[in-house]
Amino acid sequence: MQNKIQFQLALNYGAYYGLSVFGLFLLMQITGMNPFGFLMVFLSGLAMLFWLSKVIRVLRNRYMGGFVSYKDAFITSLLTLLLGASLYGILLFIDGSVIYADLLESYKTFMLEQTDQMTSLGVFEKLADQMQEEIEKTTLQQFAMSEFTSKAFWGTILCLVLAAIFKKNKPFDFNDSTA
């Protein structure tokens, strides 16, 4: 029963997370803002923090009687993260192949500008040349997978921290004679 509740919560809140981050991405695309820059990273990080902490709090307060173990909090938040990041990656791929066909070219342009800034400082010129070659080879699938991977990596660290913050063990009863 508990695993079923954890999966249902993860599925629901993972969908909320993936759709909210993709909505931010589309909003930035539509308004002409850079959907690859710092603002998008910051806002998607806030969305990740909000939805992961929300799913742990709902699990703890609504379904676990006010107490949740570190393991349950971590597993539920990690599953939420992976489902949400997967949905976001899939939606990015669909967006880049159906809706906004210039998505990959915009990404490559942004990344090449970042690499040019690095070479203008006079450092890492050889590395920058290698990076430019790899950027040119990037496909839409690789772009969507890299977005999933980065969200999964940083989100896993956040899940570990949030599970430690929100865990609440049942108090030990010293008067219990069955122990």
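Accessible areas come from the Shrake-Rupley method with a 1.4 Å probe, and for residues only the protein chains shown count as cover. With that in mind, show the surface of the whole chain, which comes to about 10,700 Å², with 64% of it belonging to carbon and sulfur atoms.

This is a predicted model, in which local features need pLDDT of at least 70 and side-chain atom pairs count only at pLDDT 80 or more, while totals for chains, interfaces and linings use all residues. Residues are numbered from 1 along each chain as its sequence is written, and side-chain values use heavy atoms, with hydrogens and water left out.

Next, switch to a cartoon view, where you will find six helices and zero strands; helices here are DSSP runs of H or I with at least four residues, strands are runs of E with at least two, and both are numbered from the N terminus. Turn the C-alpha trace, and along its principal axes it spans about 70 × 35 × 25 Å.

Then colour the chain by burial, and 39% of the 179 residues count as buried, where buried means under 20% relative accessible area, exposed over 50%, and partly exposed in between, with a 1.4 Å probe and protein chains only.

Now select Tyr 100, which lies in the loop between helix H3 (70–99) and helix H4 (103–120) and is partly exposed, with a relative accessible area of 32%. Which residues does Tyr 100 touch, not counting those up to four places away in sequence? They are Gln 29, Asp 95 and Ser 106, a contact meaning heavy atoms within 4.5 Å. Finish by selecting Gln 29 together with Tyr 100: the two are 71 residues apart in sequence and 9.1 Å apart in space, C-alpha to C-alpha.
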